[in-house]
Structure formats: C-alpha cells, structure tokens
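Got the viewer open and a hand on the selection tool? Let's take a walk through this one, stop by stop.

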Amino acid sequence: MTKRKRSAADRVAVVGLWVLAALFLLPVVLVAVNSFKSSLYITGAPFTLPNAHTFVGLKNYLTGLTSAGFLAAFGRSVFITVGSVGLIVLGSSMTAWYITRAKTRLMQVLYYLFVFSMLVPFQMVMYTVTYVVGQLNLDNLLGILFVYLGFGAGLSVFMLSGFVRAIPLEIEEAATMDGCSPLQCFFRVVFPIMRPTAVTVAILNAMWVWNDYLLPYLVLGTDEKTVPVAIQISMQGAYGSTDYGGLMAMLVLAIIPIIAFYLVGQKYIIEGVVAGAVKG
Amino acid sequence: MDKRQLGRWFPVFVLPTLAAFCVAFFVPFVLGVWLSFNRFTTVSNARFVGLENYIRAFTADSDFVRALGFSALFTAVSVVTINLLAFALALLLTRGLRGTNLLRSVFFMPNLIGGIVLGYVFSLLINGILSFWGVDITYSATYGFWGLVALNTWQLAGYMMVIYIAGLQNIPGELIEAASIDGASAATTLWRVKLPLVMPSITICTFLTLANSFKMFDQNLALTAGAPERETQMLALDIYQTFYGRSGWQGVGQAKAVLFFLLVAALATVQLRLTRSREVDA
C-alpha cells in the first residue's frame, strides 16, 4: 500500500472511530443532560436540551439526594465496598499463600473448591445463602462484609495462588532462618511481593461489590439500601409516580465515582480487568 | 518452612476465609442441591419429593423453556456482535492512529458501570427513540431483545477490545513483515497470520461473552424486567421470579437453579476444549 493511500484510509478510520466514540458516550451524556430538566420533559422528550422552560438547575439533585435516601445509600455502598475489598484482599492473600505452601491433601481439596465456586452462578445459591445468612444473624452491614469475603474468595484465592507459586521459596526460607514466624514472614516478606496482584484483585472486587445489586437486596433488604438497590427501588415506585428527574440525578451520581476512579487509576484498572479475564 | 510448624498457623491464615466461604458458598450450595429435591416454602418445612421439581420446571408452564430459548438466542447473537465489534476496534486501534489512547478509554468505560445503572441509562435512550413511533421497549419482545443486545454489546465490546489489543500486540512484527514481503494482501495477512495467532484471545473473549451474556440478570431486570408478558425474561430472571414471585414454587426455583448451574458449567467446559484445540503457536 502506498503511503498516500494508507494515510487517506487512516483518516477515514479516525473519523469513523470518533463517530463511534460519540455513540458510546451518548447514553451517559443523555442522562446527564436530562438530569437538569423538569421531570415532565424527560421520558416524553429525552433528546431536547433543557431550555428556559424545562431547566430546573440542581433541583433534581436535591430531591434525588434527600427524598429517596440516596445519600445514606451512597455512604453504605462506600462502607461495604471498602470494607469487603479490604477483607477479601487480606483474607484471600493469607489463604492463597498458606494453601500453596502447606501443600497437604486437604489444602489441595480447598484450592479446587475455591476454583469450583467460580463456575457457579449466583442464582444457584441465591435462596439458600439468604437463609443461612439470616439464621446466623449476618443480615446487617457488618455481616455482609463477611458474606462478600466468602463470595470473593474464589477468584481472589485462585489469582493470588498463581502468583505465590512464582515466588522463589529461598526468600521465605531466608526469613525463617532469621527467626521470622510464619505471620511475620507473610507480612514483612511475602505480602510486599504480592502487592501488584493484590491491587488487581482489589480493583476487580471493588467494581463487583460497588455495582452488585442482588446480594445486598436479598441480605439487607430495602431498609438498608445500597446505590444499585436505591435506584432499582425508586424505579419500582407505583406506576406513573416515578420521579424521573430524581432518577436521572441518581444515575449521574452513581456514575460519577466510577468515572473518577477510572480517570485516576485507568492503567491499573485495565491491566487488572484483563488479568482477571485471562485467568478467570 | 517446616510443615508441622506451619500446621499450627492454619486457624490464623485460612480459617476466617474458609468460614466465610462455607457460609456464603459451600453450605448454601450443598443445601441448594438437596432442596432441589424437596417441596418447601421455608427451609425448615422441606419434604422430599424426588424429581418432581425438575419435572414441574418443564411441564407446569412454558416459562423455563421460553427463558432458555431467549437466553440461548441472546447469547449467540451477543457473542457475534460483541466480538466482531471488539476485534474491528482492536485492529483499528493498533495502527498507531492519532488519539488511540483516548479512544480506547472511551470504548472501555461502559464496562465499569453496573448493570442496574446501565439498564436505566439505556431505557432512557431506547424509549426515547421508540417514542417517535409512540411505543416503548415493553411493546414487543423483539424491541426488548435488540435493546438488550445493544446494551450488552455497548457494555462488553470495549472490554474484549482491550484483550484483543493485547493479543494483536503480541504478534511478532517480523511475521507481518514477512507476509507483506511475500506479497500477501492486507486481507490475507489478517486471515492467515493475525487470526490464527490471536486464537488464545478469541478463546478468552468468546468464553467471557458467552458466560456473561448467558448469566445476565441486572440489565435484564432494569431494562425490560421480562416485559411484555415475561417474553424477554432470561434464565436468571426466570429463576428469581420463580423463587420470589410465587409462593410454593421455591423447590421448582431451586431445581431450575441447579439446571442453570449445570448448563453454565457444561458451556464453559465445552467452549474451552473447542477453542483450545485450534490455538497456534507463533
């Protein structure tokens, strides 16, 4: 191909790609634009820009934040996400290291159980997990962290074990010779080496927990709503009475932290998601 | 490290995670399998009925079979649309065009947004377009089907694109050069060199799109909730409705869930076997 032809083809490709990129952004932009319009002009005419007549400023944000308990839901989502991701990273890395190093028959069985759990869709355990969690009085904000540890352990132990196998044993042996207990050896020597994989595991789990709807809905119910639950509940409001303005504002507020998170840690997020995909 | 010494540390390292794993997964899984052979409204009043739930899942009404058909068709179409778009984007974004990084970020972004939020974002867009004809997405199952395909493609294409880009960048430059010196056209290079060499990426992406599409729940609930008349209800949503939508059907719901699990596991195994055998080493 001559250089001239190629650059012409490239220019067409670039234009095409930007048109497509605009289409990719359109749904989110549409919600953002409509979040500034009065509820009456949203579902009927979503493609009109707000004008003097339909523009309501930040009113939707105020009603959305206060009336549907969205602010509390937001706080709950942050608490659950940070708490369970912390627990998952800590618990799974300790478990992954132990079962890889102890190499007994029982540990191998455990490893395969963790891997097996990745294959099982949530609907399989949806009803029974709600029952077990209720029986153990874990159906509260602290209990759900423990439940997330159990669900997150499968993929996380699997990914972290793969990494532990690549750490040379000599490093740990040297630490043991110097008089480290297994706990010291793990936190002073092994965990620092595991950090890149731990970051990947943290990102994958954070995205899952933040966006998860069914588990918090079934375990915490509608009294302690998380962000996805609050959005779903406010949509189920009696037909015709849904406050679409408030809903648009809630959708924007649910998306903003994700975009902010993405802008800050884009490199790690893409790497992490791809690593999770390759292994999962 | 001395094994006996390590053995004493089991309660510290493994026990907390193992306890959580038992509560969240292992006990509910075993209990779930057992309950699928029982009739119950709460776990404590379970009564063994053999295979009755499994039979009722197919014979009592057509919901399960219809959901299975809808999920299968949806998955088949999604796997094609997502992977074609993702691969095309990956090819275009590995040519060193201007703005490549920004474009990649834009295409990847939808993947981070959760299913419930995405469902309502899309319902505004799709119902907005359909309102020009005076209908909405619940008007016909065809609208619901393509709406869900569009949503799924929008959400997953950027993700798969990133995996394809990684695959394409792993192809040694000499191979492409050698092909063009031998007089291969761009199309031949794509078919004979690039495609065989990105087979591992194709395996991963097909597997991921297959599993994600077949297990879809949140997007289905938020965009169509099965309307009209449960016609756009996928398997996961049908199982949910059987459990919580009608009393006395919990056993049937659990039986459907076991079948769903077996299908997902079988699909994953077959898929991996099939595409693994076609991979080529560079």
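Which residue of chain B forms a salt bridge with D10(A)? Select D10(A) and R95(B): these two form the salt bridge, and their closest N and O atoms are 2.3 Å apart. Keep in mind as you click around that this is a predicted model.

**Stop 1: the bridge across the chains**

Stay on that pair for a moment. Side chains of opposite charge can pair when their charged atoms come close. The count of salt bridges between chain A and chain B is one, while a search of the whole structure finds eight over all chains. D10(A) sits in helix α1 of chain A and R95(B) in the loop between α5 (63–92) and α6 (100–108) of chain B, so this pair joins two chains.

Now colour the two residues by accessibility. D10(A) counts as buried because its relative accessibility is 14%, under the 20% cut-off for that label. R95(B), at 33%, counts as partly exposed.

**Stop 2: the surface between chain A and chain B**

Next, show chain A and chain B in two colours and select the residues in contact. You should pick up 91 residues of chain A and 89 residues of chain B. The two chains bury about 8,100 Å² between them, and 81% of that is on carbon and sulfur atoms. On the chain A side, put F24(A), M124(A) and Y127(A) in sticks: they supply 11% of the area chain A buries against chain B, more than any other three residues.

Looking for polar contacts here? Between chain A and chain B there are 14 residue pairs in polar contact, counting pairs with both residues at pLDDT 80 or more. To see which element does the most touching, select helix α1 (residues 3–34) of chain A; 17 residues of the side facing chain B come from this helix, the largest share. Colour that side of chain A by residue class and you get 70 nonpolar, 16 polar and five charged residues.

**Stop 3: the two domains of chain B**

Hide chain A for now. Chain B is divided into domain 1 (3–52) and domain 2 (60–276), so give each range its own colour. The C-alpha centres of domain 1 and domain 2 of chain B lie 32 Å apart. Where the domains touch, each one brings eight residues to the contact.

How much area is buried between domain 1 and domain 2 of chain B? About 600 Å², with carbon and sulfur atoms giving 69% of it. Select S36(B), F40(B) and T41(B) in domain 1: they lose the most area to domain 2 of chain B, together 61% of what that side buries.

A hunt for salt bridges across this domain interface turns up zero, and the polar contact count is one residue pair (both at pLDDT 80 or more). Helix α3 (residues 15–35) of chain B gives four residues to the domain 1 side, the largest share. By class, that side of domain 1 has four nonpolar, four polar and no charged residues.

**Stop 4: a serine inside chain A**

Bring chain A back and centre on S93(A), in helix α3 (residues 70–102) of chain A. Is S93(A) buried or exposed? With 1% relative accessibility, S93(A) counts as buried. A polar atom of the S93(A) side chain lies 2.7 Å from the backbone oxygen of V89(A). Leaving aside neighbours within four places in sequence, S93(A) is in contact with I88(A), L160(A), F186(A), F191(A) and M194(A).

**Stop 5: more charged pairs**

Still in chain A, select R101(A) and E172(A), whose side chains meet in a salt bridge at 2.8 Å, N to O. R101(A) lies in helix α3 and E172(A) in helix α7 (residues 169–177) of chain A, 71 residues apart, and the pair links distant parts of the chain. R101(A) is buried at 15% relative accessible area, and E172(A) is buried at 3%.

Jump over to chain B for D238(B) and K256(B), another salt bridge, at 3.0 Å from N to O. D238(B) is in helix α13 (residues 235–244) and K256(B) in helix α14 (residues 250–276) of chain B, so the pair ties together parts 18 residues apart in sequence. Both D238(B) and K256(B) are buried. To finish, select R39(B), E52(B) and R56(B), which are joined into one network by salt bridges that share partners.

How values were computed:
Residues are numbered from 1 along each chain as its sequence is written. Chains are lettered from A and ligands numbered from 1 in the order in which they are written. Side-chain values use heavy atoms; hydrogens and water are left out. Contact means heavy atoms within 4.5 Å. Buried area is the accessible area (1.4 Å probe) that two parts lose on being put together, summed over both. A salt bridge is a side-chain nitrogen of Lys or Arg within 4 Å of a carboxyl oxygen of Asp or Glu. A polar contact is a pair of N or O atoms within 3.5 Å; within protein, one must be able to donate a hydrogen and the other to accept it, and residues adjacent in sequence count only if both atoms are side-chain atoms. Ala, Val, Leu, Ile, Met, Phe, Trp, Tyr, Cys and Pro count as nonpolar, Asp, Glu, Lys and Arg as charged, and the others, Gly among them, as polar. Buried means under 20% relative accessible area, exposed over 50%, partly exposed in between (1.4 Å probe, protein chains only).
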